[in-house]
Amino acid sequence: SWVSRRRSGLLVADSGIGIVVEDIKRLGQPFQTAGEAGQRAKGAGLGLSLVRAFAELHGGEMIIESALGEGTSVTVRIPGLVQASQPEDRPSAQVIAFNPQR
């Protein structure tokens, strides 16, 4: 997974298996998970619903985009959110490793 701050919002993406359209429609609702039964049992279905609620409380939105076999990205846009300028010796995007097995 990687995280990037864009002018338009915060983007979190992975290069995983992707999410089918039927599941994307449900994600962001409390206690809704994606994938096959075994994969659904691994989560509570609260993470994206909290992200969506936080974005909407601030007049923003959460956008989920996914391609099967390629991965998924979630973008959170909040109006008026301005990215602080980065010193020239620091990259404008940060890559953060994510390992859910730890």
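Begin by selecting Glu56, which is partly exposed at a relative accessible area of 43%, where buried means under 20% relative accessible area, exposed over 50% and partly exposed in between, computed with a 1.4 Å probe on protein chains only. The model on screen is predicted, so local features need pLDDT of at least 70 and side-chain atom pairs count only at pLDDT 80 or more, while totals for chains, interfaces and linings use all residues. Residues are numbered from 1 along each chain as its sequence is written, and side-chain values use heavy atoms, with hydrogens and water left out.

Now add Arg52, which forms a salt bridge with Glu56, their closest N and O atoms being 3.1 Å apart; a salt bridge is a side-chain nitrogen of Lys or Arg within 4 Å of a carboxyl oxygen of Asp or Glu. Both residues lie in helix α3 (residues 47-57), 4 residues apart, about one turn of the helix; helices (H or I, at least four residues) and strands (E, at least two) are DSSP runs numbered from the N terminus.

Next, select Glu61 and Arg77, whose salt bridge has its closest N and O atoms 3.8 Å apart. Glu61 belongs to strand β3 (residues 61-67) and Arg77 to strand β4 (residues 71-77), so this pair ties together parts that are 16 residues apart in sequence.

Finally, select Arg40 and Asp23, whose side chains meet in a salt bridge at 3.0 Å, N to O. Arg40 lies in helix α2 (residues 37-40) and Asp23 in helix α1 (residues 21-26), so the pair ties together parts 17 residues apart in sequence. Asp23 is buried at 7% relative accessible area, whereas Arg40 is partly exposed at 34%. Add Arg26 to the selection, and a network of salt bridges linking Asp23, Arg26 and Arg40 is in view.
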